[in-house]
Amino acid sequence: MKAIRYSIMLALLAAVLPSCKSVTDIFLPDNPPEYYDYYFLQASFKDAQGNDLVATLGEEYYKSDPNALVYKNEINPEKYSLEIVPGNGNINNNAYFTATKFDTNHSWLKTREDGTYIGDGTWYMGSNLVAGAISRRLPLQETLTYNVKCPAVFGDDSVHVIVAYWAEDIQRGEWIRFPRCTKATFDGKEITPIRGISYSDKTDDQYSAFFLDIVLQ
């Protein structure tokens, strides 16, 4: 009797379910959505005479892997510390800075095969924070607070604070969002963010970043 009932159940399932999907497939999609928010912020620091204070970090062309053939925009982690504090809930992030060179229009400069830059420009310390989740949209971070310590730039061992304010902006695809930096402060002083191009590859895809040009007094 049990065998008959089992056979009838299999027959019913075969009739109502598409032949190409299993029972598990009905409840778990093949490619569950992955939501990503890209908070791209670049900050330059110059003194009152216009000297580029980030240049010493960038021109070191530090490589965590000495055998790497190409510079990957790393900054020596022994020369700075960075903590990013979200303003709207917890996000998983590996806080770090990159050093990248941009022209006067805040566009990414071309590089040679070894990763060194071609042409004159300004060095920026960049935070490319990507917040994501597999199956749910994380809340937009209305503020991100960057606590920065870097004696090579600031000339002291104090923590300096950047606060960036974010709003929704460009959305690429169904699951990707590029928030817009609407306002920022450095140690309490307001800085106007400027939109620029942080990266452009061979297919001419461009990624927007927001730039803070900070003069230390």
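1. Is glutamate 60 buried or partly exposed? Glutamate 60 is partly exposed, at a relative accessible area of 31% (buried means under 20%, exposed over 50% and partly exposed in between, with a 1.4 Å probe and protein chains only). Its salt-bridge partner is lysine 79, with the closest N and O atoms 2.9 Å apart (a salt bridge being a side-chain nitrogen of Lys or Arg within 4 Å of a carboxyl oxygen of Asp or Glu). The two residues are 19 apart, and both sit in the loop between α3 (55-58) and β2 (81-86) (helices, H or I with at least four residues, and strands, E with at least two, are DSSP runs numbered from the N terminus). Lysine 79 is partly exposed too, at 36% relative accessibility.

2. A word on the ground rules. This is a predicted model, where local features need pLDDT of at least 70 and side-chain atom pairs count only at pLDDT 80 or more, while totals for chains, interfaces and linings use all residues. Residues are numbered from 1 along each chain as its sequence is written, and side-chain values use heavy atoms, with hydrogens and water left out.

3. Searching the whole structure turns up three salt bridges. One pairs arginine 177 with aspartate 37 at 2.8 Å, N to O. That pair ties strand β7 (residues 176-186), home of arginine 177, to strand β1 (residues 35-46), home of aspartate 37, across 140 residues. Arginine 177 also bridges to glutamate 168, at 3.4 Å between the closest N and O atoms. Through shared partners, Asp37, Glu168 and Arg177 become one network. Arginine 177 is buried, with just 6% relative accessible area, and aspartate 37 is buried as well.

4. Now the hydrophobic side. The largest nonpolar core has 42 residues, and Leu41, Phe45, Tyr146, Val153 and Trp166 have the most contacts inside it (such a core is a set of buried Ala, Val, Leu, Ile, Met, Phe, Trp, Tyr and Cys residues joined through side-chain atoms within 4.5 Å). Strand β4 (residues 122-133) supplies the largest share, five residues. Apart from this core lies another of six residues, including Phe102 and Tyr124.

5. Histidine 106 deserves a look. It lies in the loop between β3 (98-102) and β4 and is buried, at 9% relative accessible area. Its side chain makes polar contacts with those of aspartate 213 at 2.9 Å and tyrosine 124 at 3.3 Å (a polar contact is a pair of N or O atoms within 3.5 Å; within protein, one must be able to donate a hydrogen and the other to accept it, and residues adjacent in sequence count only if both atoms are side-chain atoms).
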